[in-house]
Amino acid sequence: MESSNYSYDSVLIRAQSNHECIPIALLMLADPDIEAIQRYKTYCRWWTAEITNHVVGVCGVLQRTAQEWEIMNIAVEDSYEGQGIGSKLLDEVLQQLKQYKAKVVTVATGNSSLGALAFYQKHGFRIVRIEHDHFTTHYEQPIIENGIICRDQIILQKSWGDSNSLSYQYPYSKEPYLAMVVSVRIAQIRDSGALIRMKQKLDEQTTFMLLEPGERNLNEAEQRDMIRYALRSANSNIFLAEHEGQIIGYLEAIGGKVARNRHSVYIVVGVLQEYANRGIGRRLFQTMIHWAQDRHLHRLELNVQGNNERALHLYRSLGFRIEGIQKNALVVEHRYVDLIQMGLLL
Ligand SMILES: CC(C)(COP(=O)(O)OP(=O)(O)OC[C@H]1O[C@@H](n2cnc3c(N)ncnc32)[C@H](O)[C@@H]1OP(=O)(O)O)[C@@H](O)C(=O)NCCC(=O)NCCS
């Protein structure tokens, strides 16, 4: 179809359903890094601009936290550029994100992408940060646009609501969770045997933990050593959820062991499936976050399988942010599964 042969009103902006195919060639107009596209594609929500069933524009957004979304890719076919289609697409996406209760929408571009910088600012985005030398450090080939070397990454944000929305807020401090008959406490040496058995049971119940059933070779003495280490450590701890004397959930906070990562804590968590989805994971996290804040620890991090919707929801709602996607990092039941890396700065 000729690009002049349509009316603006006939451009249809449509949310894509999961099974629909996003044209890769279009995505590569905005992002030449095909490997990066393959990483984020599955986790974005996609909208398309269509003219008589022909996709001429596309926009993908990744939900980083409960209230922050990032535009990962927005592109309009060359022959349809400069005709308001990108604006129509972006306006619709922003409207939708607002309905999803987004407070902040982020986008990153290059210092040489003058058109993109104008485009986003005209839609209410403001520059919030500059990552100097990002492109010269991360890309092998120099990028030149508009006669300018692309060196710096410019991060823009559009925010709704109050100006505090750019900083993380912890929902738990505003919305105390339902009081539960479950107690959360720190693991003691005497818990070693019960904790191993609980972990083994969890390995049987779910494929979302790292180990397959039978792979957990930790013996009671080793588990005892781990608990002893955690009890003495300034930046590690093991939290247990207990119900009627039975351990039903645990959260291990494993602090960095050398000077350069002592501020950082890696999290492993699991709740027996018969107790899942009742706020116990959230309570374990809340207790751990208070402990980490008391210890002036700065960073919490974890990995989660890409299809673990419940865990992703929980982590986002606690303020964790998707930082990266490790494509095909695991094989689970004969299928490759991605690992989503998440982090929370305290
Ligand atoms: C992930 C896990 C630790 C969470 O603990 P939990 O006690 O079940 O979680 P909570 O009940 O505190 O919170 C679950 C949240 O997910 C939401 N949720 C449940 N199913 C969901 C789904 N399919 N999609 C999106 N959100 C979902 C719940 O509504 C709840 O959110 P809310 O508090 O905003 O209503 C636990 O389910 C578990 O151990 N799962 C198996 C092992 C695992 O996945 N470990 C983590 C590996 S990273």
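## The shell around the ligand

Let's start with the company the ligand keeps in this predicted model. Sorted by class, its shell has ten nonpolar, eight polar and four charged residues. That makes 22 residues surrounding the ligand, and the closest are Phe 208, Gly 281, Arg 282, Glu 309 and His 313. Four elements give two or more residues each to this shell: strand β13 (264–271), helix α9 (280–294), strand β14 (299–305) and helix α10 (309–317).

Which element gives the most to the shell around the ligand? That is α10, with six residues.

## The sheet from β10 to β15

Two of the elements just met, β13 and β14, belong to an open sheet of seven strands. Reading across the sheet, the order is β10-β11-β12-β13-β14-β16-β15, and the pairing is mixed. Why do β10 (183–186) and β15 (321–332) each have one side without a neighbour in the sheet? Both stand at the edges with a single partner strand, so one side of each stays free of a neighbour there. On average, neighbouring strands of this sheet are turned by 25° against each other, direction ignored.

Helix α9, another contributor to the ligand shell, packs on this sheet and touches β10, β11, β12, β13 and β14. The direction of α9 makes about 35° with that of β12. Within the sheet, β11 (residues 237–243) and β12 (residues 246–255) pair in the antiparallel sense over seven bridges. If you would like a pair to look up, Phe 239 has Leu 251 of β12 as its bridge partner.

## Where α7 meets α8

Now for a pair of helices. The axes of α7 (residues 192–205) and α8 (residues 220–232) come within 9 Å and cross at roughly 105°. The two helices are therefore roughly perpendicular to each other. On the α7 side, the contact is made by Ser 192, Gly 193, Leu 195 and Ile 196; α8 brings Glu 220, Gln 223, Arg 224 and Ile 227. By class, this contact of α7 with α8 has three nonpolar, three polar and two charged residues.

## The sheet from β1 to β9

Earlier in the chain numbering, seven strands form an open sheet, again with mixed pairing. Their order is β1-β2-β3-β4-β5-β9-β6. The edges belong to β1 (12–15) and β6 (126–131); each has a single partner strand, so one side of each is left without a neighbour in the sheet. From one strand to the next, the twist averages 25°.

Inside this sheet, β3 (residues 54–63) pairs with β4 (residues 68–76) in the antiparallel sense over seven bridges. Gly 57 stands opposite Val 76 in β4.

## What the record says

An unreviewed UniProt entry carries the annotation "domain: N-acetyltransferase", covering residues 8–144 and 198–346. Looking at residues 198–346 in the model, the span is 30% helix and 37% strand. The end C-alpha atoms of that span lie 30 Å apart.

Methods: Residues are numbered from 1 along each chain as its sequence is written. This is a predicted model: local features need pLDDT of at least 70, side-chain atom pairs count only at pLDDT 80 or more; totals for chains, interfaces and linings use all residues. A residue is near a molecule or strand if its C-beta atom, placed from the backbone, lies within 6 Å of it. Ala, Val, Leu, Ile, Met, Phe, Trp, Tyr, Cys and Pro count as nonpolar, Asp, Glu, Lys and Arg as charged, and the others, Gly among them, as polar. Axes are lines fitted to C-alpha atoms, for helices over the stretch in contact, and angles run from 0 to 180 degrees between N-to-C directions. Angles under 35 degrees count as roughly parallel, over 145 as roughly antiparallel, 65 to 115 as roughly perpendicular and the rest as oblique. Two residues are in contact if their C-beta atoms, placed from the backbone, lie within 7 Å. UniProt positions are given in the numbering used here, feature names are shortened, and annotations may be inferred rather than shown by experiment. Two strands pair if DSSP finds at least two bridges between them.
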